[in-house]
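Have your viewer ready and the model loaded. We will take a short walk, one selection at a time.

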Amino acid sequence: MKLAALFSALALGLAAYAVQAADPVVIKFSHVVAPDTPKGRAADYFKKLAEERGKGQVKVEVYPNSQLYKDREEMEALQIGAVQMLAPSLAKFGPLGVRSFELFDLPYIFPNKETLYRVMDGEIGNKLFGMLDAKGITGLAYWDNGFKQMSANKPLRSLNDFKGLKLRIQSSKVLEAQMKALGANPQVMAFSEVYSALQQGVVDGTENPMSNLYTQKMHEVQKHLTLSDHGYLGYAVIVNKKFWDGLPADLRGMLDQAMQEATVFERKIAQEENDQALAKVRAAGTTQIHVLPFRDRVVWQKAMLPVHKEFEDKIGREFIQAAYRTAADVEKEKAAQSSTPAPKDKPSSMRPSN
Ligand code: LMR
């Protein structure tokens, strides 16, 4: 009896030891931006939540600033399982063969964040994630980094200003067409290379949300900035599907919950971070900041909107139409809520008139 008790105590002890000693699940989360950006901060927040709640079962290793992989390489690394989690910009899914993500790159497609969130969090966002399955990837969440601004070493006001300029873009065919529509020469380049390319004059300018421009110090090598809000930059947080499906269900559930909370956090800080970055660029005094007036914005829009039609087949007409409808719904609701009717001189949405 005593011996049996001793054995069972020993067995229990060994089992407890085995649980403690079991190697934690390691999630390598690679990204290309600085830690003090909306994406960087949310990645760190996810790590904190996951590790606290995982109680030793999970370890999240965040690698910012292209430390591990550059844009293109990180997608490949995820697919072969060299990293488990990424949050690439929505503009970087084209080379993977899922062109519908380029919906988010269409210039002036989202008149406001409300429209954008409804698109991401609704049927369109779900369908897009569904398309990743075949690539061995699972989509977990959409993160935000706000609208993009144009910068160069010369003022960018009229379309003439763009003529012949070499402008860096992400790897998106829509962005290529957008820059061409403005009269510029687009150059695809990894994010980690942009600062030195601007510094050395390999490219003349680029487009960015403010948080990226500031944290990469691009304002130090860009004399002019036009606040144009002409396009959008957000992220899909993605995981290697085999890895994710292979996790114990309770652990996956905990990580899912942590990701949802990190997403709420990310969306809350995205605008704040971008507003602060703009203030810091202003304070640095290296860059002249120009707010695109409404009359010029209309000219830019007119030049860029044919890109919507041009990409209907590649992106999917139904996605583009659904985004327009969402924008119209949001606008109607806003108009109904406010007692003053929407001003008549402004376009009701960014949709092309044809
Ligand atoms: C870019 O390449 O400009 C962005 O996708 C970087 C990022 O991840 O925000």
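A polar contact here is a pair of N or O atoms within 3.5 Å. Keep that cut-off in mind as you look around this predicted model.

**Stop one: the ligand.** Select K39 together with the ligand: a polar side-chain atom of K39 lies 2.7 Å from a ligand oxygen atom. Next, add K92, which places a polar side-chain atom 2.6 Å from an oxygen atom of the ligand. Then bring in R168, where an N or O atom of the side chain is 2.8 Å from a ligand oxygen. Now switch on a surface: of the 270 Å² of accessible area that the ligand has on its own, the protein covers 99%. The space taken by the ligand is also the largest cavity.

**Stop two: the shell.** To see what surrounds the ligand, select V32, V33, K39, S89, K92, R168, Q170, F191, N212, L233 and Y235. Try colouring this shell by residue class, and you will find five nonpolar, three polar and three charged residues.

**Stop three: the sheet.** Switch to a cartoon and look for an open sheet of five strands with mixed pairing, in the order β2-β1-β3-β10-β4. Select β2 (58–63) and β4 (137–147): these are the edge strands, and each has a single partner, so one side of each is left without a neighbour in the sheet.

**Last stop: one pairing up close.** Strands of a sheet pair through backbone hydrogen bonds, parallel or antiparallel. Which way do β3 and β10 run? Select residues 85–86 for β3 and 232–240 for β10: the two strands are antiparallel and joined by two bridges. Finally, click on M85, whose bridge partner in β10 is V239.

How values were computed: Residues numbered from 1 in each chain as written. Predicted model: local features only at pLDDT ≥ 70, side-chain atom pairs only at ≥ 80, totals over all residues. Heavy atoms only, no water. Near = heavy atom within 4 Å. Polar contact = N/O pair within 3.5 Å; in protein donor to acceptor, adjacent residues only side chain to side chain. Areas by Shrake-Rupley, 256 points an atom, 1.4 Å probe, with all protein chains shown as cover. 1 Å grid on protein atoms, 1.4 Å probe; cavity = no way out; pocket = protein on both sides within 12 Å on 5 of 7 lines; lining within 4 Å. Sits in = over half its atoms within 2 Å of the grid points. Nonpolar A, V, L, I, M, F, W, Y, C, P; charged D, E, K, R; others polar. Pairing = 2+ DSSP bridges. Helix = DSSP H or I, 4+ residues; strand = E, 2+ residues; numbered from the N terminus.
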